[in-house]
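Please read the following report alongside the sequence and the coordinates. The topics are burial, the nonpolar core, helix packing and a few individual positions.

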Amino acid sequence: MHIPDGFLDLHICAITYLATIVFWVFAFRRARQVIDEKHIPLMATLTAMFFAAQMMNYPIIGGTTAHILGGPILAITLGPYAGLISMSIILLIQTFLFGDGGITTLGANVWNMGIVGVFIPYMVCLLILKIKSSKTALFIGVFLAALVGDVLAAIFAGLELGLSTLTFPYSVPIAVTAMGLHHFVIGVGEGIVSMAIISILLKVRPDLMEIPKIAPLWMGELRFTTKVG
């Protein structure tokens, strides 16, 4: 899903950079208020794990790539603002050290994977648990969060590519279909992996699931061990 330099028209690069900067401002402001010593090890571990996982990708339409995101687990365990910060670190390192993604397209890549791919899963999981608070609902919520988040992030990437008529050779329907189909399959896999990780954390380190989520106040928090019976 990493979009390289030269694949997006400049106005789309500018719009996505501006939108991403707004989220960065709110994310770092909220993180300064909430983050403590319990967040740091989990955030560092998950950031390193999904940095490595994203390096395993395969090429799809026009030179972009498909891969697992990691955004759903980052959002559900740490909160969407923390997930955005972690994903931004991953994408910065991949862009500047490995040439995976682009500098001009960094705003778009963070928007797709660090905002859409993080905030949507958090909201989906939160919604499912508000409808029904049970362990079964939790795992359904985690699976759907990963699947929906991956597909929507890919659709946004496809839209940005398809709308870049000066630099990308494929239309919106082709780009969106290609990105969406590949990441639907990946989303199913990411949903299963996400359920497994949450299951392990709840059994081995349930205290980590209790840490305050770094999220917008209006969204509310996911608190598994107190909400889920």
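## Cysteines

In this predicted model, Cys125 has a relative accessibility of 0% and therefore counts as buried, since burial means a value under 20%. Cys13 is likewise assigned to the buried class because its relative accessibility is 5%. A search for disulfides across the whole structure returns zero.

## The largest nonpolar core

Cys125 also appears among the best-connected members of the largest nonpolar core, a set of 70 residues in which Met1, Phe50, Leu78, Cys125 and Ile198 touch the most other members. The elements contributing two or more residues to this core are α1, α2 (39-54), α3 (71-78), α4, α5 (106-131), α6 (135-162) and α7 (172-204). Of these, α5 provides the largest share, with 15 residues.

Which residues does Phe50 contact, once its neighbours within four places in sequence are left aside? The partners of Phe50 are Leu69, Gly70, Ile73, Leu74, Ile90 and Ile197.

## Helix α3 and the residue after it

Helix α3 is largely enclosed by the rest of the structure, because eight of its eight residues are buried. These buried residues are Gly71, Pro72, Ile73, Leu74, Ala75, Ile76, Thr77 and Leu78, and Ile73 and Leu74 are also listed among the contacts of Phe50. Leu78, for its part, is one of the core residues that touch the most other members. Just after α3 comes Gly79, whose phi is positive, at about 105°.

## Packing of α1 against α4

The relation between two packed helices is described by the angle between their axes together with the distance between those axes. For helix α1 (residues 10-34) and helix α4 (residues 80-98), the angle is about 115° and the axes lie 9 Å apart. The crossing in which α1 passes α4 is left-handed.

On the α1 side, the contact is formed by Phe23, Trp24, Phe26, Ala27, Phe28, Arg30 and Ala31, while α4 supplies Tyr81, Leu84, Ile85 and Ser88. By residue class, this contact of α1 with α4 comprises nine nonpolar residues, one polar residue and one charged residue.

## Loop positions

Gly101 sits in the loop between α4 and α5, where a relative accessibility of 13% means that it counts as buried. Apart from its neighbours within four places in sequence, Gly101 is in contact with His2, Ile3, Pro4, Thr95 and Asn109. Its C-alpha atom is separated by 30 Å from that of Met219, a residue 118 positions away along the chain.

Is Met56, in another loop, buried or exposed? Met56 counts as exposed because its relative accessibility is 65%, and the exposed class begins over 50%. The loop that holds Met56 runs between α2 and β1 (58-59). Although Met56 and His183 are 127 residues apart along the chain, their C-alpha atoms are separated by 14 Å.

## A position in α7

Lys203 belongs to helix α7 and is exposed, with a relative accessible area of 71%. Between Lys203 and Thr177 there are 39 Å in space, C-alpha to C-alpha, for a sequence separation of 26 residues. Helix α7 is also one of the elements that give two or more residues to the largest nonpolar core, so the exposed Lys203, at 71% relative accessible area, lies in a helix that takes part in that core.

Technical notes
Residues numbered from 1 in each chain as written. Predicted model: local features only at pLDDT ≥ 70, side-chain atom pairs only at ≥ 80, totals over all residues. Heavy atoms only, no water. Axes fitted to C-alpha atoms, helices over the stretch in contact; angles between N-to-C directions. Helix = DSSP H or I, 4+ residues; strand = E, 2+ residues; numbered from the N terminus. Left-handed = near helix turned anticlockwise from the far one by under 90°. Contact = heavy atoms within 4.5 Å. Nonpolar A, V, L, I, M, F, W, Y, C, P; charged D, E, K, R; others polar. Core = buried A, V, L, I, M, F, W, Y, C linked by side-chain atoms within 4.5 Å. Buried < 20%, exposed > 50% of the residue type's maximum accessible area, 1.4 Å probe, protein only. Disulfide = S-S within 2.5 Å.
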